[in-house]
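Here are my notes on this one, written as numbered points. Have the viewer open while you read.

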Amino acid sequence: MTGMLVALPALMPLLAAGVSLLVSRIQHAQRLVSIGVLSVVVADAAVLLGVADARGAVVLRLGGYPPPAGITLVADRLSALMLLVSAVVTLVVLLYALGQRVSDYGRAATTSFHPVYLVLSAGVMLAYLTGDLFTLFVAFELMLTASYVLITRGVTADRVRAAMTYVITGLTSTLLLITLIALVYAATGTVNLADLGEKLAGVDPTTRGALSLLFLTVIGIKAAVVPLHFWLPDSYPTAPAPVTAVFAGLLTKVGVYALIRVQTAVFAHQQAWQVLLVAALVTMVIGALGAVAQDDVNRMLSFLLVSHIGYMLFGLGLFSTAGLTGAILYALHHITVQAGLFLVLGLVARHTGATSLRRMPGGVARQRPGLAVLFAVGAINLAGLPPLSGFLAKVTLLRGGAASGTEMGVVLAGAAVAVSFVTLYALARVWVIAFWGSGKEGSADAERSGQLSPVMTAACAVLVGAGVAMAALAGPLSAVADRAAHSVLDVTSYRSAVLGGDR
Amino acid sequence: MASNSGHDIAGGDVAGGDVWPEDSDTPRQPWLLAVEDHPPLRRSLLLEVTARAVFPTVLLLSVQLLFAGHHHLGGGFAGGLVAGLAFVLRYVVAGSAELSAAVRVRPLALTGAGLALTTVVALLPVAFGAPVLASGSLTLHLPWDSEVGLSSNLALDVGVYLLVLGAVLDLLRTLGAGVHAGEGED
Amino acid sequence: MPINITLVVVLGVLYGAGFYLLMQRSLMRVLLGIVLVGHGANLFLQAAGGPAGSPAKAGTAIGAVSDPLPQAMALTAIVITFAVTVLLLALAYRASVLLDDDEVQDDVEDRRIREAPESEDEPASVISLREEQR
């Protein structure tokens, strides 16, 4: 029955999306379906994590076909960890979105949001669980197509412009991904990740290197790795806050997960990969510098998002257990904190009516102390100051960098610290301009302030609180992340779990 | 209003007899349901007659494709697309009014039903202890020495069929009718 | 494995023309580019299904049947490209209604840098920048 656990996170949201379309006339039913199903997925992911941690990877062969031929779903510790955190974030962001819709439109909101959001979650969950390259592609497409719809909902000229860039970039990477799959299939005759790992070992190293590089490029577009990041700060900020939050929290991280999974299981790098480390360095630095130059808070956060993708690449690029542990911890931390900060800034924008720092009236800290606390905790966490989860993740990463003993590792560790300070500076600017000061009289009239629904604030609090909780659970969490990193790098046990038999 | 008179002619001889005494050459039923709403200058007899004749045939073909799918060419996707094409034909002949007259359900509800059915069928084998998406088949022996093979994949294909049909109809509604009305969806 | 030269040429033309169109400004041309590259990619999937590795169909000798996996993958890819093409068409339509054109714009940062020497005051919004360019 554990196999069922692996199938549910991807299938339940799809089923719910269908039901949601059927009952689209009944608002309450739609809401109940969405919340109910995502809660089930959270519970499922938690159980799955327990099982995978205790007994190793859970493998489900769809339709009972043996692995290289059929579609295999695999949940090992890494998948289950990402799944759990992502499921929590999708649920919380959904609650926030519902709070926003109720206070914005009353009960008669448009109904296409729920099914699309559910399909997006299904895509995200499937991407974590898939055991073959082609299903990974399908999962990406589920997720991205839903995201195209979410970003183009609501007709404004700005949004259409932004959506064009977003959709075209997404599509280009999709087409390159199909091309990559064709190349890989031509070289090996399989798309199963475990099987590919074995077969690619017999392929000419040059071809293998080229394929690995092409995969990095394709996923680099999706995960916004500099210099392929240009689309992200242009498109994300135009969407409504909850949509931006779920994009920023999940979509890029799914890309990072795919990179981790495929570069280890398939291409099986044995030592630090210089190309990836350089990409990590450039991503960190350019993202952070871009963030400092921004006036719009959402654009600023988007650049920070790009910058912090670099940290995860840094951890992965080392291809050591310590580095990978750091990357996993960082991804978990970043999913929650980035989504949380976008939601908090969404609330700030609703309160002040502005996203541009120049137009911010200031004084939010006095008018809305709760919001100020949420932002402060989130900002400190993102910058990686002790004692929150960002600090834990960064220290693990830095240890990995130092332990690698290579020059590049040390340079990157230094850059990571410097970029943390730049992050702190960028966020401190927001704090000083938006939260301090007296605030113009009457700028935030009582009516606007009254619109901040308790549900939305609570959703922000949960995500920001997750950072605190991760810090509180630092011991067990890093232990699990460490075991996850071990099992990710232990390619042979992954293969024997998926393909069966001793390899 | 034009459609009303059309339906009257179709519906009965009571009112029709009064308006047109010599009703021998008026059709007892319009070729298509809402074709009277279409601007007269845009109507084409040839197209209307063809659509009338071809529409049921194409639908039948789509069902044939749906059932053939498991072992031969076809399947839910192909069937759904062909069924969608049948409605495209009606749309081309008589515009969006015809489409909404021909399809009374919301297209998205069809898509939803298809998606839900597909996932339920995918999960159902678990109840019988088989892995997700497993399929079973049985052969029915009918009188006169004939056999019908039924596979549980058929239910999956029906789901896909509904999903694709719903999607095509929704496309026609939003990109066809919506654009004609000079507005986007939502 | 012998290489089918016709297929290679066709693939080259499809990818080349498609990516050329992708670089254009008009969304309609971009759309056509995506359709072309999509066809190229699907053809590529078919071409990849030869005897290079052993086909994934279990229990059959290589060459006895055509490899079903690339066909399944190509079908999926076709469906996905179809869906996204429709989405792009809708987007192009909406752009032409809202913006009177379907031009894909420069990066926001690029435009800000281009504008920087002249304008000291706050950066103009996307719309007003567009107006100035005309």
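1. Among contacts in chain C between residues at least 6 apart in sequence, what percentage join residues at least 24 apart? The figure is 51%. Keep in mind throughout that this is a predicted model, so every value below is computed from predicted coordinates.

2. Staying with chain C, the fold is made of helices: five of them, with zero strands. Read from the N terminus, the order is simply α-α-α-α-α. The chain has 134 residues, and 27% of these come out as buried.

3. Chain B mixes its elements, with six helices and two strands. Starting at the N terminus, you go through α-α-α-α-α-β-β-α, so to speak: five helix symbols, then the β pair, then a closing α. Buried residues account for 33% of the 186 in chain B. For contacts between residues at least 6 apart in sequence, 62% in chain B link residues at least 24 apart.

4. Now for confidence in chain B. The average pLDDT is 76, and 75% of the residues reach at least 70. Which element has the lowest mean pLDDT, and which the highest? Helix H1 of chain B (residues 2-11) sits at the bottom with 43, while helix H5 of chain B (residues 107-123) is at the top with 90.

5. A related point on the start of chain B: over residues 1-17 the pLDDT stays under 50. For that stretch the model has 16 contacts beyond four places in sequence. Helix H1 of chain B, at residues 2-11, is the element with the lowest mean there in the chain.

6. On to a helix pair in chain A. Helix H12 (residues 297-318) and helix H17 (residues 407-435), both of chain A, have axes that come within 11 Å and cross at roughly 160°. Angles over 145 degrees count as roughly antiparallel, and that is why H12(A) is described as roughly antiparallel to H17(A). The crossing of H12(A) past H17(A) is left-handed.

7. Which residues meet between these two helices? From H12(A) they are Val297(A), Met300(A), Leu304(A), Ser307(A), Tyr311(A), Phe314(A) and Leu318(A). On the H17(A) side they are Gly409(A), Leu412(A), Ala416(A), Val419(A), Thr423(A), Ala426(A) and Val430(A). How many of the residues in this contact are nonpolar, polar and charged? The split is 11 nonpolar, three polar and no charged.

Technical notes
Residues numbered from 1 in each chain as written. Chains lettered and ligands numbered in written order. Predicted model: local features only at pLDDT ≥ 70, side-chain atom pairs only at ≥ 80, totals over all residues. Helix = DSSP H or I, 4+ residues; strand = E, 2+ residues; numbered from the N terminus. Buried ≥ 20, exposed ≤ 12 C-beta atoms within 10 Å, placed from the backbone. Contact = placed C-beta atoms within 7 Å. Axes fitted to C-alpha atoms, helices over the stretch in contact; angles between N-to-C directions. Parallel < 35°, antiparallel > 145°, perpendicular 65-115°, else oblique. Left-handed = near helix turned anticlockwise from the far one by under 90°. Nonpolar A, V, L, I, M, F, W, Y, C, P; charged D, E, K, R; others polar. pLDDT = per-residue confidence, 0-100.
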